[in-house]
Every structure is written in C-alpha cells, then in structure tokens.
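Reader: Got a minute to go through a structure with me? Put it up and start with the cysteines.

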Amino acid sequence: MDFAQLTAFICYRDLEAAQRWLSDVLGLDVVRGFGDGQQLFHVEMRRGGAVVCLQHDDRGYDVPAPKGDCVGSGLYLVVDDAAEVDAAHARAVRAGTTVLIAPEMTDWGNFRTELLDPEGRQWSVGTYAPGRPDER
C-alpha cells in the first residue's frame with residue numbers, strides 16, 4: 001500500500017488570530033512559521049498526529065454562514081476522551097467562540113462539540129476516530 005497523508009490547509013485573513021485560537025482552544029502547537037518579519041504568511045500547527053497548515057488569505061475568500069448547526073464543511077479533531085471534548089468546549093466558551101453544538105453524545109457513539117473559529121470555519125472536536133476499526 002502506498003503511503004498517504006492528509007493535511008488540512010486553510011487560508012485566514014487574520015492568521016495570527018487563527019493561530020492563537022487553534023492554540024488556546026484546540027491545543028495545537030506551532031511547528032514552524034514563515035513571514036517577512038512584519039507579517040506572517042504560513043504557519044504549520046500540530047497536535048499529536050493532527051497537522052494543519054494555515055496561510056494568510058490575501059484574496060478575501062468567503063466562508064459560508066452556518067445553516068443550522070453546519071457550514072457545509074469543516075475540520076474534525078479526534079481526541080482521547082469526553083473530558084478533552086468538555087475542556088475544548090470550555091476553552092472555546094471562555095474565548096467567546098460561537099458554539100454550534102454543545103458537548104453531546106451522538107447516535108453513532110461520538111461525544112463531540114461543534115465550534116466556529118474566529119473567521120467562521122467549523123471545527124468538530126470528538127472522540128470517534130473515523131477509519132479506525134470499530135472496537136465496540
């Protein structure tokens with residue numbers, strides 16, 4: 001089987017604010033960043049095996065407004081247990097984050113919360129690991 005890896009790549013108008021939110025709310029750490037000394041252009045962040053690359057949005061991409069509890073696409077951070085979901089939710093609330101779904105257990109056995117980052121992108125934090133063999 002060929003090696004493959006999927007890494008999220010997201011453009012933000014305020015890259016520094018996005019970096020702080022991802023660090024403060026979701027616990028991602030900066031791996032490296034690139035800029036010209038005055039402006040940050042690219043940041044790579046990681047938490048465990050989860051990696052996300054951020055780039056400065058100099059073209060003004062639109063982010064869809066939520067319809068109900070979803071913007072139509074998003075990113076999903078898998079964590080070890082419900083306590084980590086609750087902790088991320090609490091940090092998000094303290095940061096003034098829009099919460100789409102408070103921590104809940106889904107019908108498919110995922111304890112999760114749904115949040116909007118500072119520029120309106122949807123992030124899910126949950127305990128279900130897609131692609132992992134069902135251990136139930």
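Author: Cys 11 is buried, at 16% relative accessibility. Keep in mind that this is a predicted model.

Reader: How many disulfides does the structure hold?
Author: Zero.

Reader: Why no bond for Cys 11?
Author: Distance. The closest cysteine sulfur is in Cys 53, and it is 11 Å from the sulfur of Cys 11. A disulfide needs the pair within 2.5 Å, so 11 Å is too far for a bond.

Reader: And Cys 70, how far away is the nearest cysteine sulfur?
Author: 20 Å. That sulfur belongs to Cys 11, and Cys 70 is in no disulfide.

Reader: Is Cys 70 buried or exposed?
Author: Partly exposed. Its relative accessible area is 31%.

Reader: New topic. Which residues have the most contacts inside the largest nonpolar core?
Author: Leu 22, Leu 26, Val 52, Leu 54 and Trp 123. The core has 23 residues.

Reader: Which element gives the largest share?
Author: Helix 1, with four residues. Other elements giving two or more include strand 4 (50–56) and helix 2 (82–94).

Reader: What does Leu 54 touch?
Author: Beyond its sequence neighbours within four places, its contacts include Ile 10, Leu 15, Leu 22, Phe 41 and Met 45.

Reader: Last one. Where does Gly 126 lie?
Author: In strand 8, residues 122–126. Gly 126 is buried, with 0% relative accessible area.

Reader: What does Gly 126 touch?
Author: Not counting residues up to four places away, its contacts include Tyr 76, Val 85 and Phe 111. The C-alpha atoms of Gly 126 and Asp 80 are 8.3 Å apart, with their positions 46 residues apart along the chain.

How values were computed
Residues are numbered from 1 along each chain as its sequence is written. This is a predicted model: local features need pLDDT of at least 70, side-chain atom pairs count only at pLDDT 80 or more; totals for chains, interfaces and linings use all residues. Side-chain values use heavy atoms; hydrogens and water are left out. Buried means under 20% relative accessible area, exposed over 50%, partly exposed in between (1.4 Å probe, protein chains only). Contact means heavy atoms within 4.5 Å. A nonpolar core is a set of buried Ala, Val, Leu, Ile, Met, Phe, Trp, Tyr and Cys residues joined through side-chain atoms within 4.5 Å.
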